[in-house]
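Colleague: Please take one helix of this model and examine it closely, residue by residue where that is useful. Afterwards, kindly place that part in the context of the remaining chain.

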Amino acid sequence: MLDALVIHPWAYPMLEVIHLLGVSLLLGNLALLEMRVFGAGQSLEVRPLAKLSLSLALAGFALAGGSGLLMFASQAEELLTNRIFTAKMLLLVLAGCNAGWFHGRQSLDRLDTLAKLQLVVSALLWLLILGCGRWIAYV
């Protein structure tokens, strides 16, 4: 299968499309939830919106993660020496830790100052991850 990614002219670009679809689902739904927490759409209850948006965000993460692993496997040696790829992976770990902390302390139930700070940190981390993802090809 990995050979097909390298040999077939459409395989890798289609994998990138799937990756971007996953990233869009992930970030779009996180942004939607963050906008609600910061006051937009106050007629929407946070819990039901969070249940829907986080489910879609997880589906997006699964698409992005699966396609990302396949893309990585097709050029692992090159990516492991790329500083921007390394930075992206470290930022992903930080984003995961931040999400774990957010949900572990039940920040959705609190929506206090720390919860809002965690959401801002999340948004900044994901913007940096996006930037690194685009930058990988140019370093």
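Modeller: I shall take helix α2, in which Leu-15, His-19, Gly-22, Val-23, Leu-26, Leu-27, Asn-29, Leu-30, Leu-33, Glu-34, Arg-36 and Val-37 are buried. Buried denotes a relative accessible area under 20%, exposed over 50%, and partly exposed in between, with a 1.4 Å probe and protein chains only. Helices (H or I, at least four residues) and strands (E, at least two) are DSSP runs, numbered from the N terminus. An α-helix has 3.6 residues a turn, so residues three or four places apart point the same way.

The model is a predicted one, in which local features need pLDDT of at least 70 and side-chain atom pairs count only at pLDDT 80 or more, while totals for chains, interfaces and linings use all residues. Residues are numbered from 1 along each chain as its sequence is written, and side-chain values use heavy atoms, with hydrogens and water left out.

Helix α2 covers residues 11-37, and its 27 residues should span 39 Å at 1.5 Å a residue; the end C-alpha atoms are 39 Å apart, which agrees. The expected span is 1.5 Å times one less than the number of residues in the helix. After α2 comes Gly-39, with a positive phi near 115°.

Arg-36, which belongs to α2, merits particular attention. This residue is buried yet has no salt bridge, and the nearest side chain of opposite charge, Glu-45, is 8.4 Å away. A salt bridge requires a side-chain nitrogen of Lys or Arg within 4 Å of a carboxyl oxygen of Asp or Glu. For charge, Lys and Arg count as positive and Asp and Glu as negative, whereas His and the chain ends are not counted. With neighbours within four places in sequence set aside, Arg-36 is in contact (heavy atoms within 4.5 Å) with Gly-41, Gln-42, Leu-44, Val-46 and Leu-49. Two of these partners, Val-46 and Leu-49, appear among the buried residues of α3.

Another residue of α2, His-19, is among the contacts of Lys-88, along with Ile-129, Cys-132, Gly-133 and Ile-136, sequence neighbours within four places being left aside. Lys-88 lies in helix α5, residues 83-104. Like Arg-36, Lys-88 is buried without a salt bridge; for Lys-88 the nearest side chain of opposite charge is Glu-16, 9.7 Å away. Its contact partner Cys-132 counts as buried because its relative accessibility is 10%. The count of disulfides, defined as pairs of cysteine sulfur atoms within 2.5 Å, comes to zero. The sulfur of Cys-132 has its closest cysteine sulfur in Cys-97, 17 Å away, which is too far for a bond.

Helix α3 comprises residues 46-74; its 29 residues should span 42 Å at 1.5 Å a residue, and its end C-alpha atoms are 41 Å apart, which agrees. Its buried positions also include Ala-50, Leu-54, Ala-57 and Gly-60.

Turning to charge pairing, side chains of opposite charge can pair when their charged atoms come close. The whole structure contains two salt bridges. One joins Arg-47 and Asp-109, with the closest N and O atoms 2.6 Å apart. Arg-47 lies in helix α3 and Asp-109 in helix α6 (residues 107-110), so this pair ties together parts that are 62 residues apart in sequence. Arg-47 counts as partly exposed, at 47% relative accessibility. In the other, the side chains of Arg-105 and Asp-112 meet at 2.8 Å, N to O. Arg-105 is buried, with a relative accessible area of 13%, whereas Asp-112 counts as partly exposed at 28%.

Two backbone positions deserve note. Gln-106, in the loop between α5 and α6, has a positive phi near 55° although it is not glycine. Leu-111, in the loop between α6 and α7 (113-135), likewise has a positive phi as a residue other than glycine, near 50°.

For the chain overall, the secondary structure comes to seven helices and zero strands. The C-alpha atoms fill a box of roughly 50 × 25 × 25 Å along the principal axes, and 33% of the 139 residues count as buried. Among contacts between residues at least 6 apart in sequence, 74% join residues at least 24 apart.

As to confidence, pLDDT is the predictor's confidence in each residue, from 0 to 100. The chain has a mean pLDDT of 94, with 96% of its residues reaching 70 or more. Confidence is highest in α5, at a mean of 98, and lowest in helix α1 (residues 2-7), at 67. Where pLDDT is low, the predicted coordinates should not be read in detail.
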